[in-house]
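Here are some comments on the model you sent, set out as numbered points so that each can be checked against the coordinates. Please read them with the structure open.

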Amino acid sequence: MYDYDVLVVGSANVDLVIGVERRPAAGETVLGSDLAVHPGGKGANQAVAAARLGARTALLARVGDDANGRLLLESQQNAGVDTEGVLVGGAPTGVALITVDPSGDNSIVVSPGANGRLTPEDVRAAGPLFHASRVVSAQLEIPLESVVEVVRQLPSGTRFVLNPSPPQALPAEVLAACDPLIVNEHEARVILGGGAVGDDPAAWARELLASGPASVVVTLGSEGALVASAEEEAVRVARVVPVKVDAVDTTGAGDSFTAALAWKLGAGASLVEAAAYAARVGAVAVTRRGAQESFPTTEEVEAL
């Protein structure tokens, strides 16, 4: 019996968000809205998103011993996330600087802070959390060597979900553990080496699948998503139909998608079923401003 449906291993940041009419070009200054401060970070976002949907969720992360760290811990606990695995100290809490334009698109710069001090030793020390979890989800806002250690700590029968963001080349050991690897267009191109990979998302999915993962999900924003898996020595690629909404802020949408997909997979849904549900969760999230405060409950998703 698992104590947790989802264990998220990843980053916890404070998001400093400014709305702009347009993002500045190199050397240019633009005026923006009042500064808004929100709890964020891909790991913390995924944990809150999963918990809000009803998943029993734990977070393994590191924050600073400062006001931002306390804000993040409070946000997790209010959402119902088990913070036993959140370590405190070693560096200031990570910070993300985010600009959001009128279409809802965002640009983000992250100062990792304490996230960069989540070490392989920390991961090994959290062994009991791994054994208590049905699905483990990770991202790349923590050191890659720590993500490698996450893979090495996975118990038999525990599923590993990875969103390689921000993207970088991945060791074969990590790729082979992914079920699924979740990427957007930019992440897919980086993981594939940035070469001439063409413009066909289905081809990206097949190439990514050939690199080692058991399954792949390519998110396409307003165009939905593609899922790819190997079945009986053949590759099956299926399209997930998009949910049409009026987006106001895409911050955190990918994190809510990943969290929902991980939870549904752990509950026994097929990859296509899980991705379709995750698309609905992400669609609700983009209709609201902010990251964690935009994540819906199960009831809100069903009402969409």
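The points below deal in turn with the nonpolar cores, the cavity, a pocket, and several individual residues.

1. A word of caution comes first: this is a predicted model. The values quoted in the points that follow are computed from that predicted model, and they should be read in that light.

2. The largest nonpolar core contains 45 residues, and those with the most contacts inside it are Leu53, Leu59, Val217, Val227, Phe257, Leu261 and Tyr277. At least two residues of this core come from each of β1 (4-9), α1 (42-52), β4, α2 (67-79), β12 (225-231), β13 (234-240), α9 (253-266) and α10 (271-285), and α10 gives the most to this core, with 8 residues. A second, separate core has 40 residues, among them Phe130, Val148, Leu181 and Ala228. As general background, nonpolar side chains in soluble globular proteins tend to be buried together.

3. Tyr277, one of the residues with the most contacts inside the largest core, deserves a closer look. Once residues up to four places away in sequence are set aside, Tyr277 touches Leu53, Ala260, Trp263, Lys264, Thr298, Val301 and Glu302. Of these partners, Leu53 is itself listed among the residues with the most contacts inside the largest core, whereas Lys264 and Glu302 count as charged.

4. How many cavities of 30 Å³ or more does the model hold? The count comes to 1, and the largest cavity has a volume of about 30 Å³. Its lining is made by Ala12, Leu59, Val63, Gly69, Leu72, Leu73, Gln76 and Val86, which divide by class into 6 nonpolar, 2 polar and no charged residues. Both β4 and α2 supply at least two residues of this lining, and α2 gives the most, with 4 residues. Leu59 thus appears in the cavity lining and also among the residues with the most contacts inside the largest nonpolar core.

5. The second largest pocket has a volume of about 190 Å³ and is lined by 16 residues, of which Val17, Gly19, Ser33, Val100 and Arg289 lie nearest its centre. By class, the lining of this pocket has 7 nonpolar, 4 polar and 5 charged residues. The strands β2 (13-19) and β3 (36-40) each supply at least two residues of the lining, and β2 gives the most, with 3 residues.

6. Is Arg62 buried or exposed? Arg62, which has its place in strand β4 (residues 57-63), counts as buried because its relative accessibility is 13%, and the cut-off for buried is under 20%. The side chain of Arg62 makes a polar contact with the side chain of Asp122 at 3.2 Å, and a polar atom of the Arg62 side chain also lies 3.2 Å from the backbone oxygen of Arg117. Leaving aside neighbours within four places in sequence, Arg62 is in contact with Leu87, Val88, Gly89, Ala114, Asn115, Arg117, Leu118 and Asp122.

7. Ser165 is found in the loop between β9 (159-162) and α6 (172-177), and it counts as buried because its relative accessibility is 9%. Beyond residues up to four places away in sequence, Ser165 touches Lys42, Gln139, Leu140, Glu141 and Glu187. With Glu187, the separation is 22 residues in sequence and 6.9 Å in space, C-alpha to C-alpha.

8. Two cis peptide bonds are worth checking by eye, given that most peptide bonds are trans. The bond from Ser165 to Pro166 is cis, with omega near -5 degrees, and Pro166 has its place in the loop between β9 and α6. The bond from Asp179 to Pro180 is also cis, with omega near 10 degrees, but Pro180 has its place in strand β10 (residues 178-183).

9. The last residue to note is Leu31, which is found in the loop between β2 and β3. Leu31 counts as exposed because its relative accessibility is 78%, the cut-off for exposed being over 50%. Leu31 and Gly113 are 82 residues apart in sequence and 27 Å apart in space, C-alpha to C-alpha.

Technical notes:
Residues numbered from 1 in each chain as written. Predicted model: local features only at pLDDT ≥ 70, side-chain atom pairs only at ≥ 80, totals over all residues. Heavy atoms only, no water. 1 Å grid on protein atoms, 1.4 Å probe; cavity = no way out; pocket = protein on both sides within 12 Å on 5 of 7 lines; lining within 4 Å. Points joined across faces, edges and corners; volume = space filled by probe spheres on them. Buried < 20%, exposed > 50% of the residue type's maximum accessible area, 1.4 Å probe, protein only. Polar contact = N/O pair within 3.5 Å; in protein donor to acceptor, adjacent residues only side chain to side chain. Contact = heavy atoms within 4.5 Å. Core = buried A, V, L, I, M, F, W, Y, C linked by side-chain atoms within 4.5 Å.
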